[in-house]
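Dear colleague,

I am passing on the structure we spoke about, with the sequence alongside. Below the display you will find my notes on what I found in it.

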Amino acid sequence: MSHSAPGLNYLNHAKGFKSWALTLDHKRIGIMYMVAVSLAFLAGGILAILVRLELLGPGETIMGPDTYNQSFTLHAVLMVFAFIIPAVPAVMGNFVLPIQLGAKDVAFPRLNLASLYIYLIGAVIVMFALVNGRIDGGWTFYAPYSTSIGNGILFVTAGVFVMGFSSILTGLNFIVTVHKMRAPGLTWNRLPLFIWSIYATSIVQVLATPVIGITVLLLFLEKAFSIGIFDPALGGDPVLFQHFFWFYSHPAVYIMILPAFGVISDLMGTFSRHQVSGYKFVALSSVAIAFLGFLVWGHHMFVSGQSAVSSVVLSLITYLIGIPTGVKVINWVQTMYRGSVQLKSPMLYAIMFLFTFSIGGFTGIMLGVLAIDVHLHDTYFVVAHFHYVMMGGNVIAALGGLHYWWPKMFGKMYNETLAKIAAFLVFFGFNLTFFPQFIMGAQGMPRRYYDYLPQYEFYHELSTYGSWVLAAGLFLIMFYMIASLINGKKAGLNPWGALTLEWTHTTTPPDHHNFHDTPVVTRGAYDFHLAKHLFEYGGEVTELDLGGDGTAAAPEEAPVPNEPVA
Amino acid sequence: MANPHTNQPAHVKHYFVSSEQQFDAAKMGMWLFLVTEILLFSGMFVAYTIYRSWHPETWMALSTALDWKLGGLNTLVLLASSFTVAMGINQIQRGNQKGLLLNLVLTFVFAGIFLVVKYFEYSAKIEHGLLPGASFDPHGVSHGFDYATYNVPYGPQFFSIYFVMTGIHGFHVLVGMGLFAWITWKAKNGAFSADYYTPVENCGLYWHLVDIIWIFLFPLLYLI
């Protein structure tokens, strides 16, 4: 095979619009996904800030009730389908997974590029619905309301259907890649935990997404041809829609959270400089969560009129999910306890995740309790729980992963001091935004309401102020990340001293083909006890300035690519 | 015809280490895709089961509105096409390119016959107002039979499910014809050999799934 000249990498080996638009390189596709997903996050985020601003005081603040309903619906649709679902798998999964496997690309690069374009087409169709207007009632599209509003619902369902294909293709590609493309010596027990969690996510993507496909297709036909499957006026059953919808959408929350677990596992291992405790349990708990996630959809429907027996069974299985999730959290804490923690900015997000995600997880189990759910159903408590899991879980982990892999992606270090300030703003702003929502939800504030009683004003004010702090943190991140591309310090091969293949066996940024020769793996992904032997640095850590905080960092030079370690 | 950089046959992509790895990956990907297809149809099978268990009398009455002879003919046509596509794979495994080409053309023709029969079935339903949901309006007399007797409660649901299920299945047949046109063209240009026939194998797998789904649709809709 061809060897690239020194200084050439995946970013600069070919130039021009066509070299990006038609690329089959998983790294470039990952970067393009990152741009697209970030734009969706920005659009959804601006809508969220406007929604919070409207709720600053009772009555009309900046928009009327119809605009408000449409804003929170579009916020939700954009964030769920266009941002969170593809965020970690399609961005970091695409960039990192093949390299961590020691492969030169994913198994089906053309499908990979197709999934990007399918995603973009779906996102454009959904955005078109915004112009078309009159989409309200939330992201769940419950029939018959959703088929009684304007024709915009046709575009939204079509867009979700199309984006579903993108998700399926990504998942299918990763499953085959993990099964068939691992480097010699990379056994299942040596896989980085990020791979395990992306693998579990992919299973859910492949098994659950077709069901939302047929559901939104039937909803589309219901609206277009009045087929009477879901509409009770035509003899259909609206609860059937809810079953179909949640049969996908509950597993889908694991599509959103499982990749986050993987990022956190990698961060915990690397920045604690220790083998991730209970490696096999952490790995298999992802698969257990993926499996159990298919058996709990009815806990969204405790007040929809399903049978009491179904509710009890689905409630019990919901509790079970707490076990594999607890296994992960306890093992991460154990990893930190055993290891030697370095508080770099990616690790700050990992620690933040332990708090925010645990709050989200525990309140989830509370909502799975039948009696409590009847009280809390459709209140701000649910909104707060959901955001603690999705934002406090997925987004926080995604930010951690972004800070972790950014130097590998672009070969530049961001400003570590600003990163720490931003991490604090995000943590503080996030909790200030969503914690008051637990309290007002428990007191009975219904979700999705445009107006509220004066007794909730204090909590709504806190929540809106929090959203400003959170936004400030996120914009700060955007600022210093873009600044780092312009004048960031050059990143070393392995600035964090990590042991997975993307850090030890590739250049920074990686070569177009990832590796000159396929690596041979002789150790686990977190065998930090072998570090002395592996790196031949005599166990000493060389000082490397990563932004002036002076903490001991990683070896300056990682093992030279081309040479299999040990 | 080897790739000078990797010493692999030309059909092996640079990111695979061997022809076997590439074949296994493609086949596994196809099986996963078939799983997603089954789950896509599963939603409709669930809807069928629920509405049938709620209104069994409607389902039994209206299944007689479907022509079991045409449905049976189509079942035979699809079974024959599954046989020809399997024979095609068998032929190319033995390196017989002409045998492959013949069987692919036959498969394409059978798929076309299926759709033509389906067209006649659909037009008869549309003519007599046996339509989904709000458009349901059975009328007219044919061979001394008054279609108005099909106007029973929940009749629209039956025809919604009939048209959606057979419609999506028919769409898959159409896609299959496109795939067979593509690989027939490739086979004609000698693209396949005993060493490389991955697209033929995968199109065959897809076609068997389309066949199996019909095997379930036919008795559920036409016979019971």
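To begin with a single position, Phe294(A) sits in the loop that runs between α9 and α10 (308-338) of chain A. Please keep in mind throughout that this is a predicted model. Phe294(A) has 18 C-beta neighbours inside 10 Å, and since a residue needs 20 or more to be buried and 12 or fewer to be exposed, Phe294(A) counts as partly exposed. Its C-alpha atom is separated by 9.6 Å from that of Ser249(A), although the two residues are 45 apart along the chain.

Helix α9 (residues 279-292) of chain A has a partner in helix α7 (residues 193-225) of chain A, the two axes coming within 9 Å and crossing at roughly 10°. The two helices, α7(A) and α9(A), are therefore roughly parallel to each other. On the side of α7(A) the contact involves Leu193(A), Trp196(A), Ser197(A), Ala200(A), Ile203(A) and Val204(A), which meet Val282(A), Ala283(A), Ser286(A), Val287(A), Ile289(A) and Ala290(A) of α9(A). By class, ten residues of this contact are nonpolar and two are polar, with no charged residue among them.

Further along chain A comes helix α13 (residues 380-410), which bends by about 40° at Tyr404(A), with a proline, Pro407(A), following within four residues. This helix, α13(A), is mostly covered, 30 of its 31 residues being buried. After α13(A) comes Gly411(A), which has a positive phi, near 70°.

Some backbone values in chain A deserve a careful look, because most residues other than glycine have a negative phi, and most peptide bonds are trans. Asp378(A), in the loop between α12 (370-376) and α13 of chain A, is not a glycine and yet has a positive phi of about 60°; with 14 other C-beta atoms within 10 Å, Asp378(A) is partly exposed. Arg448(A), in the loop between α14 (416-442) and α15 (457-487) of chain A, also has a positive phi, near 70°, and with 15 C-beta neighbours inside 10 Å Arg448(A) counts as partly exposed. As for cis peptide bonds, one joins Ala143(A) and Pro144(A), with omega about 5°, and Pro144(A) lies in the loop between α4 (109-132) and α5 (145-148) of chain A. Another runs from Thr508(A) to Pro509(A), with omega near -15°, and Pro509(A) lies in the loop between α16 (501-504) and α17 (531-535) of chain A.

Chain A is divided into domain 1 (15-258) and domain 2 (492-566). Their contact takes 15 residues from domain 1 and 17 residues from domain 2, and the largest share of the domain 1 side, four residues, comes from helix α3 (residues 65-100) of chain A. That side of domain 1 has eight nonpolar, three polar and four charged residues.

Turning to chain B, there are six helices and four strands, which follow the pattern β-β-α-α-α-α-β-β-α-α along the sequence. Of its 224 residues, 37% are buried, and the C-alpha trace spans about 70 × 30 × 25 Å along its principal axes. The contact between the chains takes 27 residues from chain B and 30 residues from chain A. On the chain B side, α1 (19-54) and α5 (155-188) each supply at least two residues, with α1(B) giving the most, 15 residues. By class, this side of chain B has 16 nonpolar, ten polar and one charged residues.

With best wishes

How values were computed
Residues numbered from 1 in each chain as written. Chains lettered and ligands numbered in written order. Predicted model: local features only at pLDDT ≥ 70, side-chain atom pairs only at ≥ 80, totals over all residues. Contact = placed C-beta atoms within 7 Å. Nonpolar A, V, L, I, M, F, W, Y, C, P; charged D, E, K, R; others polar. Axes fitted to C-alpha atoms, helices over the stretch in contact; angles between N-to-C directions. Parallel < 35°, antiparallel > 145°, perpendicular 65-115°, else oblique. Domains from an automatic or database assignment. Bend = angle between axes of the 7 residues up to and from the residue.
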